[in-house]
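Please open the model in your viewer and keep the sequence panel visible. The tour below proceeds by selection, with a remark on what each selection shows.

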Amino acid sequence: MKVLVYSDDAGTREKVRLAIGRRPAADVPEVEIVECATQPAVIRYLDAGDVDLAILDGEAAPAGGMGIARQAKDEVHNCPPILLIIARRDDRWLANWSRADDVVSQPLDPMAVAEAVADLLRRRLPVS
């Protein structure tokens with residue numbers, strides 16, 4: 001499964017990548033992580049349709065993950081689930097506006113990130 005990680009901060013992308021590992025849970029397949037640092041790159045990947053989950057940094061600049069999430073949910077056919085990284089728990093209302101499927105807050109808890117990723121990836125697995 002392919003997971004896109006967007007942030008303009010390489011340190012944030014690394015923390016997410018390390019939290020997910022090769023397999024965020026035993027019952028989901030191994031993941032391939034694609035890192036993006038710009039909005040155009042995110043949109044290209046989402047438009048291509050081969051991303052199973054997008055993790056977007058709400059504090060990224062100049063394009064924040066919340067705006068990208070809203071745009072993707074409005075414009076990308078069969079948009080994958082979106083996990084939004086927020087700076088403060090009080091930003092959940094903005095995450096709701098962006099139509100993100102789930103949120104994790106800074107500082108990132110690796111266990112919470114892996115659990116959220118696994119939950120969202122399960123939605124993309126074929127029903128057996």
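Select arginine 70 and tryptophan 97 to begin: in this predicted model, a polar atom of the arginine 70 side chain lies 2.6 Å from the backbone oxygen of tryptophan 97. Arginine 70 belongs to helix α3, which spans residues 65-75. Show its surroundings next; beyond the neighbours within four places in sequence, arginine 70 is in contact with Trp97, Ser98 and Arg99. The C-alpha atoms of arginine 70 and arginine 99 are separated by 6.0 Å, although the two residues stand 29 residues apart along the chain. Is arginine 70 buried or partly exposed? Its relative accessibility is 26%, so arginine 70 counts as partly exposed.

Now display the strands as a cartoon. Five strands form an open sheet in the order β2-β1-β3-β4-β5, with parallel pairing. At the edges are β2 and β5 (102-105), each of which pairs on one side only. On average, neighbouring strands of this sheet are turned by 20 degrees against each other, direction ignored.

Restrict the view to β3 and β4, which run parallel and are joined by four bridges. Within this pair, aspartate 57 stands opposite isoleucine 85 in β4. Then add helix α5 (residues 110-122), which packs on the sheet and touches β1, β3, β4 and β5. The direction of α5 makes about 170 degrees with that of β5.

Keep aspartate 57 and isoleucine 85 on screen and select threonine 12, which lies in helix α1 (residues 10-20). Not counting residues up to four places away in sequence, threonine 12 touches Ser7, Asp57, Ile85 and Gln106. Threonine 12 is buried, with a relative accessible area of 8%.

Turn to helix α2 (residues 39-48), where Ala41, Val42, Ile43 and Leu46 are buried. Against which elements do the buried residues of α2 pack? They pack against β1 (2-6), β2 (32-36), β3 (53-57) and α3. Just after α2, select glycine 49, which takes a positive phi of about 80 degrees.

The next selection is the largest nonpolar core, which has 24 residues; Leu4, Tyr6, Val42, Leu56, Ile82 and Leu84 touch the most other members. The elements that give two or more residues to this core are β1, α2, β3, α3 and β4 (82-86). Centre the view on isoleucine 82: leaving out residues up to four places away in sequence, the residues that isoleucine 82 touches include Leu53, Ala54, Leu56, Ala69, Ala72 and Leu120. A second, separate core consists of 20 residues, among them Ala19, Ala25, Leu83 and Val117.

Finish with the cysteines. How many disulfides does the model contain? The count comes to zero. Select cysteine 36 and its closest cysteine by sulfur position, cysteine 79: the two sulfurs are 14 Å apart, too far for a bond, because a disulfide requires cysteine sulfur atoms within 2.5 Å. Cysteine 79 is accordingly in no disulfide. Cysteine 36 counts as buried at 3% relative accessibility, and cysteine 79 counts as buried at 15%.

Terms used: Residues numbered from 1 in each chain as written. Predicted model: local features only at pLDDT ≥ 70, side-chain atom pairs only at ≥ 80, totals over all residues. Heavy atoms only, no water. Buried < 20%, exposed > 50% of the residue type's maximum accessible area, 1.4 Å probe, protein only. Contact = heavy atoms within 4.5 Å. Polar contact = N/O pair within 3.5 Å; in protein donor to acceptor, adjacent residues only side chain to side chain. Core = buried A, V, L, I, M, F, W, Y, C linked by side-chain atoms within 4.5 Å. Pairing = 2+ DSSP bridges. Axes fitted to C-alpha atoms, helices over the stretch in contact; angles between N-to-C directions.
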